[in-house]
Amino acid sequence: MNREELKEEYKILSNLEMETAKFRYATFIAILSISFVLPGLYFSKSSENSYNSYIDFCLFKIHVSELLFLLGFILYLFALFYYWWFHRYSHIYRKRLKELEKKLGWNIYSLRKRPTVKNMKFHFAWSLYSIGIVYGLMTIRVVDIVPFSLTLLVLIGLYSIPLILSKCCREESLEK
């Protein structure tokens with residue numbers, strides 16, 4: 001590739017990386033916000049009147065407000081999965097951008113450094129995991145360990161089915 005083609009690839013790829021990041025963060029924040037609103041209904045004064053009924057959930061009767069709390073945690077897990085999924089693409093794009101920078105003699109993405117304190121590296125995702133642990137413990141406290149565990153097992157099981165079946169498919173089966 002000549003220099004102009006490298007510059008054009010860099011321009012297109014850097015734009016794609018930025019647009020993907022904007023979209024990822026906007027969607028992530030929306031899902032994350034809803035995941036925290038739902039448990040807020042559990043704590044609201046109106047929950048005593050509006051959600052004062054029980055429903056059958058799996059093998060248990062569960063209070064509607066407790067179910068909202070559990071659903072909030074499930075949405076939190078989905079937001080975390082969504083964040084992780086698209087975060088991979090950012091790293092793929094940035095790796096190629098750094099390769100192009102090396103060829104072009106530029107230093108833009110190469111200047112990006114992870115924040116550190118005394119050689120300890122900060123990762124944004126670690127704060128999300130910490131919040132998730134606290135959120136999960138609160139959810140267990142509200143809905144009890146058995147419904148919480150069964151819900152997670154069912155979700156993992158439901159995800160595992162297409163995961164296992166994907167072994168029989170082409171890598172990108174939807175791109176026929």
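## Report on a predicted chain

In this predicted model, the chain carries 23 positive and 15 negative charges, and the mean positions of the two sets lie 7 Å apart.

**Overall form**

Five helices and four strands make up the secondary structure of the chain. From the N terminus onward, these elements follow the order α-α-β-β-α-β-β-α-α. The chain is more spread out than a compact globule, because its radius of gyration is 22 Å, well over the 16 Å that the globule rule gives for 176 residues. The C-alpha trace spans about 70 × 45 × 30 Å along its principal axes.

Of the 176 residues in the chain, 28% are buried. The accessible surface amounts to about 12600 Å², and carbon and sulfur atoms account for 66% of that area. Among contacts with a separation of 6 or more, 72% join residues that are 24 or more positions apart.

**Aromatic pairs**

The chain contains 22 aromatic pairs. In one of them, Phe 73 and Tyr 76 are stacked, since their ring centres are 6.4 Å apart and their planes meet at 15°, under the limit of 30 degrees for stacking. Both residues belong to helix 3 (residues 64-104), where a spacing of three residues separates them by about one helical turn. Phe 73 is buried, with a relative accessible area of 5%, and Tyr 76 is likewise buried, at 1%.

Ring pairs also place Phe 73 and Tyr 76 in a cluster with Phe 36, Tyr 42, Phe 43, Phe 69, Tyr 135 and Phe 148.

**Thr 139 and its surroundings**

Thr 139 lies in helix 4 (residues 124-143). Its relative accessibility is 0%, so Thr 139 counts as buried, the cut-off being under 20%. Beyond its neighbours within four places in sequence, Thr 139 is in contact with Phe 69, Leu 70, Phe 73, Asp 144 and Phe 148. Among these partners, Phe 69, Phe 73 and Phe 148 are also members of the aromatic cluster.

**Ile 55 and strand 1**

Ile 55 is located in strand 1 (residues 54-57). With a relative accessible area of 33%, Ile 55 is partly exposed. When residues up to four places away in sequence are set aside, Ile 55 touches Phe 60, Lys 61, Ile 62, Val 64 and Leu 67. Ser 127 stands 72 residues from Ile 55 in sequence, and the C-alpha atoms of the two are 34 Å apart in space.

**Positive phi angles**

Most residues other than glycine have a negative phi. Lys 118 has a positive phi although it is not a glycine, and the same description applies to Asp 144. The table gives their angles, locations and accessibility.

| Residue | Phi | Location | Relative accessibility |
|---|---|---|---|
| Lys 118 | about 50° | loop between strand 3 (116-117) and strand 4 (120-121) | 77%, exposed |
| Asp 144 | about 90° | loop between helix 4 and helix 5 (145-165) | 44%, partly exposed |

Asp 144, in the loop between helix 4 and helix 5, is also one of the residues in contact with Thr 139.

Key: Residues numbered from 1 in each chain as written. Predicted model: local features only at pLDDT ≥ 70, side-chain atom pairs only at ≥ 80, totals over all residues. Heavy atoms only, no water. Helix = DSSP H or I, 4+ residues; strand = E, 2+ residues; numbered from the N terminus. Rg over C-alpha atoms; globule rule 2.2 N^0.38 Å. Buried < 20%, exposed > 50% of the residue type's maximum accessible area, 1.4 Å probe, protein only. Contact = heavy atoms within 4.5 Å. Areas by Shrake-Rupley, 256 points an atom, 1.4 Å probe, with all protein chains shown as cover. Lys, Arg positive; Asp, Glu negative; His and termini not counted. Charge placed at Lys NZ, Arg CZ, Asp CG, Glu CD. Phe/Tyr/Trp six-rings, centres within 6.5 Å; stacked < 30°, edge-to-face > 60°.
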